[in-house]
Amino acid sequence: MSGRQRVFSGVQPTGNPHLGNYLGAIRNWVEIQSQFDNFFCVVDLHAITVSHKPETLAKDTYAIAAIYLACGIDLSHSTIFVQSHVPAHSELTWLLNCITPLNWLEDMIQFKEKALKQGENVGVGLLDYPVLMASDILLYQADKVPVGEDQKQHLELTRDIVNRFNHQFAKPNQPILKLPEPLIGKEGARVMSLTDGTKKMSKSDPSELSRINLLDSPDEIAKKIKRCKTDPIRGLEFDNPERPESNNLLTLYMLLSGKTKEEVANECQDMGWGQFKPLLTQTVIEALTPIQEKYQAVMNDKGYLESVLRDGKQKAEAIANQTLAQVKAAMGYSMPL
Ligand code: TRP
């Protein structure tokens with residue numbers, strides 16, 4: 001594993017993971033994992049930046065770890081662990097908070113959008129979310145961070161924090177924190193809502209019909225695709241800005257069938273929706289069934305899942321604590337006796 005570049009990424013244990021999480025993130029991790037030394041984290045500290053249910057947090061956290069395994073994250077290339085199991089994440093966040101200008105955080109688009117939705121009830125954690133994310137990445141000295149479009153600004157902020165930290169506390173040409181780079185996924189992995197092809201598929205959309213969850217039953221999948229938004233035009237096509245639903249559903253079909261864009265474009269150019277929808281339904285069910293079976297097997301073996309997370313915590317902590325010690329030393333802290 002040594003000599004390989006390091007990758008860090010994470011998913012929050014909030015709500016049901018859906019096709020957007022899979023095709024936009026986890027599936028890309030699976031594809032690249034053999035080339036890197038990977039740390040895939042369940043970011044449960046991020047999950048409480050909006051109101052959360054204490055009754056389900058632990059269960060949801062285990063479920064995401066099981067989803068990682070079910071989707072094909074391979075422990076011979078990747079470490080799976082839970083953010084809150086490694087206290088260094090919280091501690092580095094505090095240290096980096098104190099060098100991060102407030103206005104950098106106030107400028108974050110995601111903060112502004114989420115804060116707007118929550119009105120009066122915005123916690124400090126929501127503002128601080130990107131510093132916690134920076135700490136996640138920097139503790140592991142990650143070279144590459146697979147991120148979607150919506151997280152690019154947070155990665156830019158992470159880079160700004162690195163430069164500021166190294167400038168203030170490291171010797172010239174001996175950086176303490178590594179500057180991470182985004183690993184931008186393949187084009188077309190942005191999955192849109194089933195009820196509005198111009199909006200991203202999202203856990204926070206109030207309509208269940210807007211998304212297909214990875215753990216949906218075949219009946220639920222069939223129902224959602226039957227009722228998804230279409231347009232009155234016959235023949236399906238990619239990349240027509242007037243037809244976002246056509247582009248989105250063809251993209252889903254392409255990604256889950258393994259066919260190329262040209263193959264799909266040719267196959268579907270004369271199809272009506274009534275012909276395409278059953279084909280898409282079948283394809284989604286066939287792609288998700290093996291993931292669901294593996295997920296159930298992992299969830300039924302709690303001892304195995306616990307051992308994966310225990311090993312993960314150990315591997316993660318060994319690296320994270322080293323970075324944290326270097327940061328604290330550079331900032332002038334005495335070491336605990
Ligand atoms: N903020 C990311 C999201 O919601 C999750 C996340 C937390 C993350 N820490 C990270 C992603 C570090 C990449 C690297 O999608």
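These legends go with four close-up views of a predicted model.

**View 1. Helices α2 and α11 cross at roughly 130°.** Here we're looking at α2, residues 54-71, and α11, residues 273-299. Their axes come within 8 Å. With a crossing of roughly 130°, α2 counts as oblique to α11. As for handedness, the crossing of this pair is right-handed.

**View 2. Side chains and backbone where α2 meets α11.** On the α2 side, the residues making contact are Tyr-62, Ala-63, Ala-66, Ile-67, Leu-69, Ala-70 and Cys-71. They meet Ile-291, Lys-294, Tyr-295, Val-298 and Met-299 from α11. Sort these contact residues by type and you get 11 nonpolar, 1 charged and no polar.

**View 3. Gln-292, a buried residue of α11.** Gln-292 sits in helix α11. Its relative accessibility is 17%, so it falls under the 20% cut-off and counts as buried. Setting aside neighbours within four places in sequence, Gln-292 is in contact with Leu-214, Leu-215 and Asp-216.

**View 4. The largest nonpolar core, with Tyr-22 picked out.** This core has 57 residues, and Leu-19, Tyr-22, Tyr-68 and Phe-276 touch the most other members. Helix α11 is the top contributor, giving 10 residues. Zoom in on Tyr-22 and, leaving out neighbours within four places in sequence, you'll find it in contact with Arg-27, Asn-28, Cys-71, Leu-214, Leu-256 and Ile-291. There's also a second, separate core of 41 residues, with Met-133, Ala-134, Val-162 and Ala-316 among them.

Conventions
Residues numbered from 1 in each chain as written. Predicted model: local features only at pLDDT ≥ 70, side-chain atom pairs only at ≥ 80, totals over all residues. Heavy atoms only, no water. Axes fitted to C-alpha atoms, helices over the stretch in contact; angles between N-to-C directions. Helix = DSSP H or I, 4+ residues; strand = E, 2+ residues; numbered from the N terminus. Parallel < 35°, antiparallel > 145°, perpendicular 65-115°, else oblique. Left-handed = near helix turned anticlockwise from the far one by under 90°. Contact = heavy atoms within 4.5 Å. Nonpolar A, V, L, I, M, F, W, Y, C, P; charged D, E, K, R; others polar. Buried < 20%, exposed > 50% of the residue type's maximum accessible area, 1.4 Å probe, protein only. Core = buried A, V, L, I, M, F, W, Y, C linked by side-chain atoms within 4.5 Å.
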